[in-house]
Structures are given as C-alpha cells and as structure tokens.
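Here is a structure to look at together, one label at a time. For each term we can ask what earns it, and then check the value against the cut-off.

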Amino acid sequence: MNYDPQSELVSMRASIPGGSYAAWGWGDSMKDTEMLVFSADGDASSVETYYSKGKKTPEADASLIECYTWSKTVGEDDWVTFAVTRPLDCGIESSYVIELDAELSLIAAWNPESPQLSYHGESRMEFI
C-alpha cells in the first residue's frame, strides 16, 4: 500500500492464491471497522466492502465500494492479483478517513480454503 500525492490516491496491491480470500479492516479492532475483502475465485474474483460492528459477522456495505476503484488479473497459476485505489477521504459517513503522517492500524484475516468471507478464528486474524 502506498499514497501517491499527485493523484491523491492510496494504491493497494494484493496477490492471493485461487480458492482463498484475504481481508483487512481500517482500524484496530472489529468494532466500527470498514473492511475490504479480496476473493480469489478465477474469473469470478472480486473486491467487496463490509462494515463490522464488533466480533460478529460483518455486514456487506455496498455504499463503501463507491470509494474504491479496482481491477484483477488471474494468473495461469490461479493466483489473483488485485490493484485497488481509493482517496484518503471517501466522503461517505461510515468510511475510514486515512490521515497522512499518522499511525495507521489495520486488522487482517484470511482463509486459504475458501474464496468466500467466512469465520476465520483467532488463528487467522492479525492485528497489525
């Protein structure tokens, strides 16, 4: 992930194996967190947005996807590479505002066995 001051966009790149998902949330916990989910499923691969209100199943939030521009490339090895951009402030009430030159906390989760967002347990969740 990096910030391009010329375009004023945050650029993210994620490469994950087919049949899996990876996700991160903008914040330091599952409470009140905007989440971005990368689902690697061949041509059906997608980027989706969710909002989590706590340690329970996050809810899909279609309004947040308006903040992101994304594309995917499916490799011959079934790995999927996602290229995603977003502005620092999406202007959407529930969206996370990224501050420059400030500490950034993210939560992350993955499931190497399914491309669908699913319960991942504490062993597949990291606080970074």
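Q: How many bridges join E5 to strand E6 (residues 59–60), and in which sense do the strands run?
A: In this predicted model, two bridges join E5 to E6, and the strands run antiparallel. Two strands pair if there are at least two bridges between them, so E5 and E6 qualify as a pair. Within this pairing, tyrosine 50 stands opposite alanine 60 in E6, and a hairpin of six residues makes the connection from E5 to E6.

Q: What joins strand E4 (residues 33–40) to E5?
A: Seven bridges do, with the two strands antiparallel. Here methionine 35 is the residue opposite tyrosine 50. E4 and E5 also form a hairpin, with five residues between them, and glycine 42 in that turn has a positive phi of about 55°.

Q: Why is strand E5 (residues 46–52) described as largely enclosed by the rest of the structure?
A: Six of its seven residues are buried, so the description follows.

Q: How do you know that cysteine 67 and cysteine 90 form a disulfide?
A: Their sulfur atoms are 1.5 Å apart, and the cut-off is within 2.5 Å, so the pair counts as a disulfide. Cysteine 67 sits in the loop between E6 and strand E7 (69–74), while cysteine 90 is in the loop between strand E8 (80–87) and strand E9 (106–111), 23 residues apart. The structure holds one disulfide.

Q: What makes cysteine 67 and cysteine 90 count as buried or exposed?
A: Buried means under 20% relative accessible area. Cysteine 67 has 7% relative accessibility, so it counts as buried. Cysteine 90 has 18%, so it is buried as well.

Q: Why is the contact of glutamate 34 with arginine 86 called a salt bridge?
A: The closest N and O atoms are 3.6 Å apart, and the limit is within 4 Å, so the contact qualifies. Glutamate 34 belongs to strand E4 and arginine 86 to strand E8, so the pair ties together parts that are 52 residues apart in sequence. Both residues are buried.

Q: Which ring does arginine 86 lie over?
A: Arginine 86 lies over the face of tryptophan 26, at 5.2 Å from the ring centre.

Q: What makes tryptophan 26 and tyrosine 96 a stacked aromatic pair?
A: A search of the whole structure finds five aromatic pairs. In this one, the rings are 5.8 Å centre to centre, with 15° between the planes. Ring centres must lie within 6.5 Å, and planes under 30 degrees apart count as stacked, so both conditions are met. The two residues lie 70 residues apart, tryptophan 26 in strand E3 (residues 20–26) and tyrosine 96 in the loop between E8 and E9. With 1% relative accessibility, tryptophan 26 counts as buried, whereas tyrosine 96, at 25%, counts as partly exposed.

Q: Why is the pair of phenylalanine 38 and phenylalanine 82 called tilted?
A: The planes are 50° apart, and the centres are 5.3 Å from each other. Stacked needs under 30 degrees and edge-to-face over 60, so this pair is tilted. Phenylalanine 38 is in strand E4 and phenylalanine 82 in strand E8, 44 residues apart, and both are buried.

Q: Which residues do ring pairs link into a cluster?
A: The cluster consists of Trp24, Trp26, Phe38, Trp70, Phe82 and Tyr96.

How values were computed:
Residues are numbered from 1 along each chain as its sequence is written. This is a predicted model: local features need pLDDT of at least 70, side-chain atom pairs count only at pLDDT 80 or more; totals for chains, interfaces and linings use all residues. Side-chain values use heavy atoms; hydrogens and water are left out. Buried means under 20% relative accessible area, exposed over 50%, partly exposed in between (1.4 Å probe, protein chains only). Helices (H or I, at least four residues) and strands (E, at least two) are DSSP runs, numbered from the N terminus. A salt bridge is a side-chain nitrogen of Lys or Arg within 4 Å of a carboxyl oxygen of Asp or Glu. Rings of Phe, Tyr and Trp (its six-membered ring) pair if their centres lie within 6.5 Å; planes under 30 degrees apart count as stacked, over 60 as edge-to-face and the rest as tilted. A charge sits over a ring if NZ of Lys or CZ of Arg is within 6 Å of the ring centre and within 35 degrees of the ring normal.
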